[in-house]
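Visitor: I should like to go through this model with you, piece by piece. Could we begin with the charged pairs?

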Amino acid sequence: MTTLWENPLPIIALGAIAITICGLAVVARRNLASVIALVVVVAVTGLLLLAERLVVTDVERVENALTEVVAAVHQNDAAGVLAFIDPAAPQMRTDAETLMDMIRVKKAGASSVQVKVSDNLAEAKFQGVLSGTTKKGGAPIGYFDVVEVSWIKKDDRWRIDGFTPYIEGKPIDAVGSARSRRAVRPR
């Protein structure tokens, strides 16, 4: 049922079909009942689209938070990134601080985002991209592969409690790879 509130396409498709059928009934019958049916279908479709827009599901909240984290990484905003990390995840915090101190990001992005939510936990899997230079020496560094980020919901807010970057399907140590610049991968 939450899929209905995460994607307007089913509402639009079903509404378009129902409106078309009612429109054909208006043209064929030319009576008040078919006009009322058409008006009701248009109103219900509009209300469902409005509800879809206003209802923000946990999946959408995680997607929005991920978008904000990626934007903070792109802007080299360490404080912005740390604001999304669960205080109860000290290793995650340390890794993020270390990486943000090591790399001057020129580009960061996430595509093909898939989010699964279960109670107060979520898992976001996406195609991550990052390019930049090391702050010491200016050596190029880049990443283009799958990233998984685990989230925990506390105080009605989603926070990161872990992440795993992959290269060719194998998990890597992001800090170690950045230090040795092994994450550089041409595409």
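Guide: A salt bridge here is a side-chain nitrogen of Lys or Arg within 4 Å of a carboxyl oxygen of Asp or Glu. This is a predicted model, in which local features need pLDDT of at least 70 and side-chain atom pairs count only at pLDDT 80 or more, while totals for chains, interfaces and linings use all residues. Residues are numbered from 1 along each chain as its sequence is written, and side-chain values use heavy atoms, with hydrogens and water left out.

Visitor: How many salt bridges does a search of the whole structure find?

Guide: The search finds five. One of them joins the side chains of Lys-153 and Asp-58, at 3.1 Å from N to O.

Visitor: Which parts does that pair tie together?

Guide: Lys-153 belongs to strand β3 and Asp-58 to helix α4, so the contact ties together parts that are 95 residues apart in sequence. Helices (H or I, at least four residues) and strands (E, at least two) are DSSP runs, numbered from the N terminus.

Visitor: Is Lys-153 buried or exposed?

Guide: Lys-153 is buried, its relative accessible area being 19%. The classes are buried under 20% relative accessible area, exposed over 50%, and partly exposed in between, with a 1.4 Å probe and protein chains only.

Visitor: What else is linked with these two in a network of salt bridges?

Guide: The network also takes in Arg-61 and Asp-156. Asp-58 pairs with Arg-61, the closest N and O atoms being 3.4 Å apart, and Asp-156 pairs with Lys-153 at 3.5 Å. Asp-58 and Arg-61 are three residues apart in helix α4, and therefore separated by about one helical turn. Arg-61 is partly exposed at 34%, whereas Asp-156 is exposed at 56%.

Visitor: Turning to the sheet, what is the strand order?

Guide: It is an open sheet of five strands, ordered β1-β2-β3-β4-β5, with antiparallel pairing. Two strands pair if DSSP finds at least two bridges between them.

Visitor: Which strands stand at the edges?

Guide: β1 and β5 do; each has a single partner strand, so one side of each is left without a neighbour in the sheet. Two bridges join β5 to β4, and Tyr-166 has Pro-171 in β5 as its bridge partner.

Visitor: Which strands does helix α4 touch?

Guide: Helix α4 (residues 58–74) packs on the sheet and touches β1, β2, β3 (140–154) and β4. Contact means heavy atoms within 4.5 Å. The direction of α4 makes about 170 degrees with that of β1. Axes are lines fitted to C-alpha atoms, for helices over the stretch in contact, and angles run from 0 to 180 degrees between N-to-C directions. Helix α6 (residues 90–102) lies across β1, β2 and β4, at about 65 degrees to β4.

Visitor: And helix α3: how far apart are its end C-alpha atoms?

Guide: They are 33 Å apart, which agrees with the 33 Å expected for the 23 residues of α3 (residues 32–54) at 1.5 Å a residue. The expected span is 1.5 Å times one less than the number of residues. Ser-34, Val-41, Thr-45 and Glu-52 are buried in α3.

Visitor: Finally, the loops. What is phi of Asp-119?

Guide: Phi is near 55 degrees at Asp-119, a positive value in a residue other than glycine. Most residues other than glycine have a negative phi. Asp-119 sits in the loop between β1 (103–118) and β2 (121–134) and is exposed at 68%.

Visitor: What about Glu-168, buried or exposed?

Guide: Glu-168 is exposed, at 62%. Its phi is positive, near 50 degrees, and Glu-168 is placed in the loop between β4 (157–167) and β5 (170–171).
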